[in-house]
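Reader: I am new to this structure and would like to be led through it step by step. Could we begin with the open space in the protein and then turn to what fills it?

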Amino acid sequence: MQTRLLFLGPPGAGKGTQAQLLCKKYDLMHLSTGDMLRSEVSAGSPLGIEAAELMNKGELVSDSLVLSIVENRLNEASQGWLLDGFPRTVDQAEALSVLLGKIQQPIQAVVVITLDAEFLIKRLLGRGRTDDNETVIRHRLEVYKEKTAPLIAHYTKEGLVKTVKGDGDVLEIASRIEAVLS
Ligand code: B4P
């Protein structure tokens, strides 16, 4: 089983849901930039105040802000890890590669979770977070296409991509993910 992983996919594909299951089962460190940003928002920190405004519009938070959060956590990694929702831009991917080079822990696999837009929108509307209204969701999908989807080609060139269909039952998708990682 590969244990230095990255989950990529459009908003609502189920990255967070699947990451939690896999990390629990294999004792991996779960690094969700979305969760980390939301805890800064709840704490009302200066970083959280800056992030909230962008997140509620469906925009990405700045690369430097996200990198500062991730770097501290990865530096202390002593077990396998799963990066969920990071990187989201080519610049973040390049910064990550430098960081992982320094700690000599290269990525072993990039799991791309795919799902059609109609299902993504339905799921996110059902989740009901503050950034889950239809206008913001559609904008997030555009931002994903423009800024994050190019990472699939980037990691395909490195031979790391494993594609998994994100439709169906949560546990069925979890088995698909474990199958591509074994
Ligand atoms: P994230 O927190 O990463 O969340 P997401 O992409 O919207 O959702 P995810 O794919 O994890 O879906 P989930 O499992 O929750 O990002 C939120 C925001 O944070 C971004 O828009 C951005 O502003 C900011 N951000 C985060 N990382 C950043 C970065 N690196 N750089 C810059 N900005 C960053 O599932 C969605 C719903 O579907 C849930 O309700 C779930 O219960 C349901 N679901 C899951 N699997 C299902 C299934 N099989 N069947 C039915 N429902 C299912």
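Reader: How do the residues of the lining of the largest pocket divide into nonpolar, polar and charged?

Author: This is a predicted model, and the pocket in question holds about 910 Å³ of space. Of the 44 residues that line the largest pocket, the closest to its centre are Lys15, Arg88, Arg127, Arg129 and Arg140. Taken by class, the lining divides into 16 nonpolar, 17 polar and 11 charged residues.

Reader: Which elements give two or more residues to the lining of the largest pocket?

Author: Both strands and helices take part in this lining. The strands are S1 (4–8) and S2 (29–32), and the helices that join them in giving two or more residues are H1, H2, H6, H7 (134–148) and H9.

Reader: What is the space taken by the ligand, and which elements give two or more residues to the shell around the ligand?

Author: The ligand takes up the space of the largest pocket. The elements that give two or more residues to its shell are helices H1 (15–26), H2 (33–43), H6 (117–127) and H9 (170–181). The largest share of that shell, 4 residues, comes from H2.

Reader: Of the 28 residues around the ligand, which come nearest?

Author: The 28 residues of this shell divide into 11 nonpolar, 9 polar and 8 charged. Those that come nearest to the ligand are Thr17, Thr33, Glu59, Arg127 and Arg140.

Reader: Where do N or O atoms of the protein lie beside an oxygen atom of the ligand, and how much of the ligand's exposed area does the protein bury?

Author: In Arg140 an N or O atom of the side chain is 2.6 Å from a ligand oxygen atom. Two backbones also supply an N or O atom beside a ligand oxygen, that of Glu59 at 2.8 Å and that of Ala13 at 3.4 Å. Taken alone the ligand exposes 1,000 Å², and of that the protein buries 85%.

Reader: Which peptide bond is cis, and in which loop does Pro87 lie?

Author: Most peptide bonds are trans. The bond from Phe86 to Pro87, however, is cis, with omega near 0°. Pro87 lies in the loop between strand S3 (81–84) and helix H5 (90–102).

Reader: In which loop does Asp27 lie, and what is its phi?

Author: Asp27 lies in the loop that runs between H1 and S2. Most residues other than glycine have a negative phi. Although Asp27 is not a glycine, its phi is positive, at about 55°.

Methods
Residues numbered from 1 in each chain as written. Predicted model: local features only at pLDDT ≥ 70, side-chain atom pairs only at ≥ 80, totals over all residues. Heavy atoms only, no water. Near = heavy atom within 4 Å. Polar contact = N/O pair within 3.5 Å; in protein donor to acceptor, adjacent residues only side chain to side chain. Areas by Shrake-Rupley, 256 points an atom, 1.4 Å probe, with all protein chains shown as cover. 1 Å grid on protein atoms, 1.4 Å probe; cavity = no way out; pocket = protein on both sides within 12 Å on 5 of 7 lines; lining within 4 Å. Sits in = over half its atoms within 2 Å of the grid points. Nonpolar A, V, L, I, M, F, W, Y, C, P; charged D, E, K, R; others polar. Points joined across faces, edges and corners; volume = space filled by probe spheres on them.
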